[in-house]
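Let's take a friendly look at how helices sit together in a small report. Keep the picture open while you read.

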Amino acid sequence: MSELFVVGLALLPFGCAGIYLASPNQRWLERARPAGRPAGCLLLAAGLAALWRDMQGVAAVFTFATGLMLLFVAFPYFGALRGPRGKS
């Protein structure tokens, strides 16, 4: 594997986490962090650019979109593992 491929895949979880933490329905932190959305978008753009430089365009977009789907589906479950957010 090339270094750009690894960098592109490594930036995906950080970018998705930034966007996820900006959501008011996230369960990782007590309150949302709206400042994470622009940073997350920049990280995702950098990840797509790194994948694009290493692979053909269609393969890079497919890998990027598959990673986004996987992470945005999995992140709410990571928050659910933490337990209920409300104090009972």
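A residue counts as buried when its relative accessible area is under 20%, as exposed when over 50%, and as partly exposed in between (1.4 Å probe, protein chains only). Please keep in mind that this is a predicted model, where local features need pLDDT of at least 70 and side-chain atom pairs count only at pLDDT 80 or more, while totals for chains, interfaces and linings use all residues. Residues are numbered from 1 along each chain as its sequence is written, and side-chain values use heavy atoms, leaving out hydrogens and water.

Here are two residues to find:

| Residue | Helix | Relative accessible area |
|---|---|---|
| Leucine 44 | α2 | 8%, buried |
| Threonine 63 | α3 (residues 57-81) | 19%, buried |

The helices are DSSP runs (H or I, at least four residues), numbered from the N terminus. Which residues does leucine 44 touch, not counting residues up to four places away in sequence? They are Leu12, Gly15, Cys16, Ile19, Phe64 and Leu68, where contact means heavy atoms within 4.5 Å. With the same exclusion, threonine 63 touches Phe5, Leu9, Leu51 and Met55.

Now for the helix pair. Helix α1 (residues 3-21) packs against helix α2 (residues 36-54) at an angle of about 160°, and their axes are 7 Å apart. Axes are lines fitted to C-alpha atoms over the stretch in contact, and angles run from 0 to 180 degrees between N-to-C directions. The two helices are therefore roughly antiparallel, a label for angles over 145 degrees. Among the α1 residues that meet α2 are Leu12 and Ile19.

Definitions and conventions. Angles under 35 degrees count as roughly parallel, over 145 as roughly antiparallel, 65 to 115 as roughly perpendicular and the rest as oblique.
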